[in-house]
Structure formats: C-alpha cells, structure tokens
Amino acid sequence: MKHLYEREECSIAEISRRVGINWRTAAKYARKDDWNQPMQQTRRRQPVMGSFVDIVDTWLMEDMLKPRKERRTAATIYRQLREQYGFKGAGRTVRAYVSRRKKELRTEAQEKYLRLEHPPGQAQVDFGTSHVVWDGVLREIKYLTFSFPYSNAGFCVPVPSENTECLLYAMIQVFEWIGGVPPEIWFDNLSAAVVGAGKGEQRELTETFRRFMLHYRFEAKFCNSGKGNEKGHVENKVGYTRRNWLIPYPTVSSYEELTAELYRRALEDMQRSHYEKGVTIAKLWEEDKKALLPLPATPFEPVRLETARVNKYVQVQCCGEVYPVPSAQVGETVLLKLWWDCVEVFSSTQERLAHLPRHYTLKTQPIDWKGYFRIFIRKPRGARHATMYRFLPEPVRQYLEACDPEAYRERLKFIHTLLEEGFIIEDIARVLEEAAKYPAADSALIRHKLYRITFPAAPLEALNETYTPDSVRRYTPEINVYDRLVPQAGGKGGELRDQVVVEGAV
C-alpha cells in the first residue's frame with residue numbers, strides 16, 4: 001500500500017480496490033510515516049466455531065483425498081455439526097470458515113511440493129507425438145525431446161518409433177550436438193529402456209540400453225510409476241517444442257531434413273531470456289556444458305541384434321516386418337542388425353546378404369477436407385490464409401483461384417457439396433485437371449466426369465424401345481451420297497468419309 005501510494009501515486013480509492021481492503025485501512029498504512037513499531041496482526045476470533053475447528057479441518061483434509069464429487073459441501077458440514085455434535089452457530093459462519101480454510105489447505109498442500117533445484121548438466125528425456133506433411137501427405141511422427149532444467153535449453157530429434165533403436169539414435173544425435181554427455185538423465189519407465197520396474201528405484205533394463213548407459217557413463221534415473229511430474233521440465237518442453245517448432249506442420253521429405261531444421265530452431269530458441277533468471281538461455285547453457293562428461297573415443301552402435309529363419313519365399317520376418325533376402329538359402333538362419341532406419345542381414349559366416357530400409361509405417365492421417373471446406377465457405381476471405389489451404393491439390397487451388405471473388409465463394413460451396421456427397425479430394429482434383437482443358441467446363445460437366453471415374457464399371461443400360469421399324473433399324477447408310485452433296489470438297493470426300501462413323505439411325 002505504501003509503495004502504491006508513494007511510487008505509483010495511486011489514490012486511496014484505487015489502493016483500496018487493488019488490494020481488496022477497506023479504504024480506511026488503505027489510508028492508514030498508505031499515509032503512515034512512523035514504522036518503528038512492528039505491525040500487529042490480529043487473529044480472527046471464532047468463538048462459535050471454537051472446539052469445532054479441529055473437526056472441520058479433519059473433514060476437509062480427509063476430503064482432499066477423495067474425488068471432488070465425493071467431497072462434503074459447506075452445507076453438509078453444517079448439517080453434520082448440528083446433528084452429530086450439537087453445533088449452535090449459524091450456517092453462514094460455517095460457510096465462511098470452510099471457504100477460507102479450503103484455500104489455506106490448498107496453499108499448504110502446494111507448498112509441500114518444494115521446487116527442485118537442478119544442477120548444471122542434468123537432463124530429462126521424453127517422447128512426443130506430432131504431425132508433418134510428408135511428400136504432400138499428413139503423417140504422424142514421434143520426436144525425442146531432450147531438456148536441461150538448469151538452463152531451460154532443449155533439443156528435439158524426430159524418429160519413426162519409440163523403440164530402443166530410435167531412442168539410442170536420438171540420444172547419440174544430441175550428445176554429438178552438445179559435445180558431451182549429461183552425467184544424470186531422467187526417464188519415464190519407457191519400454192525402450194526398461195523391461196520391468198521393481199520396488200523403489202529397482203529397474204530391470206534392456207540389455208542394449210544397459211550397455212549404452214555404461215558406454216557413455218551417465219547415470220539413468222527413472223520416475224516412479226505414474227509420477228511423470230518428477231520430470232516436469234521435459235513434460236513442458238515436449239509441449240513447447242510441438243507448439244513452437246512443429247506447428248504449423250512442417251513440409252518435409254526426409255528425417256534428415258526435419259532433424260536439421262529442429263536443431264536450427266533449438267539454437268535459435270536459446271537467444272530468449274530464461275523465464276525467471278533474467279539472462280539468456282544461451283548464457284546459462286554454457287554452465288550446463290561445463291558439467292558434461294566427455295564423449296567416448298569409440299561411438300556406440302545403436303542397433304538391436306535378432307536372428308530369423310529364411311522362409312520358402314526367401315523372406316525373413318522380424319518385429320512384424322517382412323524383408324526379402326533373395327541371396328539367402330531357404331531354411332537358413334540369418335542375423336539381423338536392426339538400426340533405427342535400416343536393417344542389415346548377415347549369413348552365418350558374417351557375409352552381408354542385404355541392406356534394406358526399415359518398414360516403418362508412417363501413420364497417414366487423412367485430412368478432413370470436408371471439415372476444412374465447411375470453414376472455408378463460412379469465412380471465404382480467410383480461406384486462403386488457412387494452414388491447410390496450401391496443401392490442397394494444385395488443380396483444386398487453380399480452379400478456386402481462377403475466377404473473381406464472387407465466383408470463388410460459389411466454387412468453394414461446389415467443392416464442399418462434392419465432398420459432402422462422398423467424393424474424395426484426389427478424384428475431384430483429377431477431374432478438375434481434365435476439365436481445365438475445356439474452355440466452357442461448368443459444374444455439370446465436372447460432376448458428370450466425376451461420376452464416370454468414380455463408377456467406371458457401371459455400363460450404360462441398353463435402350464429397349466419398340467417404336468423404330470425394323471426397316472429403319474437394319475438400314476445401312478451409303479456414305480458416298482454425302483460426297484455428291486459437297487462436290488467442291490473434291491478429293492477430300494474420302495477423308496471426310498473416313499472420319500464419319502454411323503452406328504445406326506432412328
């Protein structure tokens with residue numbers, strides 16, 4: 001109050017409103033000059049509640065352990081006090097106490113979660129999920145987020161899966177970027193590293209991850225089951241990287257391309273200020289780097305080894321994936337070396353038989369064009385600025401934009417109608433590309449051609465009519481008569497005749 005009055009020159013009324021106290025109290029402390037005596041805080045007297053305070057507090061703390069819908073209301077507490085303990089006070093007194101005490105208990109509970117002090121060099125790791133436009137198709141990807149709580153620095157590596165090979169590949173990529181290894185890294189109990197969780201901190205690690213940890217000499221820490229908040233920094237960083245680095249959806253054609261872009265954004269992000277320390281992340285990151293362990297002289301191979309038997313089709317199957325190995329013998333047992341992006345097949349004599357890309361299936365996410373066009377027809381002037389508008393097939397965009405604004409709205413509605421009728425955007429694009437060759441192509445022609453490619457196997461029904469006489473039905477015209485009608489055509493008559501095909505007359 002004194003600060004508001006002296007420094008910000010607020011009026012007493014404004015101080016009263018901003019602090020939420022009576023204006024007389026605001027005036028007393030705002031204008032006070034003698035502060036030799038300490039301020040005395042008087043405790044609220046609650047003679048009516050008296051001995052009932054402990055009972056109510058117990059009930060409120062007990063209710064904090066229950067789902068919200070099962071907790072007592074102030075009215076329920078008042079009724080219980082009257083019926084079970086002979087409480088003589090008013091319901092308003094109980095409501096006021098319960099309201100104030102609930103806030104105090106929530107504050108006390110929050111204060112129990114003391115802020116963790118993270119030393120420089122400590123890291124946290126977690127997977128996230130996002131989408132990219134991959135060669136014009138919306139696809140789902142995974143990405144490993146590496147965060148450093150001390151400096152708030154973060155890195156992100158896209159991968160096709162959350163398996164062991166992808167985890168180790170992404171971690172090695174970050175180690176190489178930062179030129180060292182964090183001495184302590186926190187994880188979830190992710191299946192790529194943990195086989196089973198025992199009591200307390202006991203974890204049974206996968207054989208590959210255990211060797212990886214020993215190779216780089218870092219200590220792996222794992223959160224308790226269901227306690228993801230124990231690595232809350234990376235949980236927040238996963239969301240931050242998705243919102244700021246992966247939205248709008250990037251257009252890519254390879255993981256290498258996307259990895260390079262995310263690394264660039266990570267370095268660029270370090271130039272902002274730390275959310276509470278008042279200096280840039282880049283400056284704090286220098287402290288993090290000083291605490292890193294040196295990289296080992298020999299890099300680790302992030303692979304998983306499996307064996308498989310060649311079937312009668314000269315194929316091997318592993319992890320739900322089938323790979324052809326034409327140079328192998330049927331019935332032969334081969335060794336598979338599974339990398340994050342490829343698989344190598346070796347014979348029993350260590351001869352490499354094949355080097356093939358991993359058959360990861362990028363999950364295709366169909367774009368809800370019907371939903372987007374529903375938005376476009378409501379906001380036609382903003383349609384071209386929509387995130388997904390640029391991913392429309394080129395013939396569709398050309399069709400929409402090759403007209404005046406009024407026709408543009410009508411064409412948006414027309415495309416939306418076709419989508420509502422069940423036609424897909426790829427077929428619509430194909431028809432529009434073909435219709436563009438006709439100068440007078442209208443919606444009727446477009447719809448006709450769309451039906452013809454959508455239902456190509458539907459034959460035209462035979463015309464069964466009985467009105468045409470047999471003499472006419474069987475009549476074969478003489479084409480030469482047309483030459484006599486156009487004598488000036490001369491020798492061209494034959495050419496014209498060859499171009500005329502008469503199937504019949506009615």
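**Notebook: R71, L292 and helix α12**

I looked up R71 first and found it partly exposed, because its relative accessibility is 37%, where partly exposed lies between buried (under 20% relative accessible area) and exposed (over 50%), with a 1.4 Å probe and protein chains only. I note that this is a predicted model, in which local features need pLDDT of at least 70, side-chain atom pairs count only at pLDDT 80 or more, and totals for chains, interfaces and linings use all residues. Residues are numbered from 1 along each chain as its sequence is written, and side-chain values use heavy atoms, with hydrogens and water left out.

I located R71 in the loop between α4 (53-63) and α5 (74-85); helices are DSSP runs of H or I with at least four residues, strands are runs of E with at least two, and both are numbered from the N terminus.

I next turned to L292, which sits in the loop between α11 (281-290) and β9 (304-309). L292 counts as buried because its relative accessible area is 12%. Its C-alpha atom lies 5.3 Å from that of G180, although the two are 112 residues apart along the chain. Beyond neighbours within four places in sequence, I recorded contacts (heavy atoms within 4.5 Å) of L292 with residues including F148, I178, G180 and P182.

In helix α12 (residues 369-378), I listed W369, G371, F373 and F376 as buried. Their cover includes α13 (394-401), α14 (405-420) and α15 (425-435).

For the whole chain, I noted 19 helices and 14 strands. Of its 506 residues, 38% count as buried.
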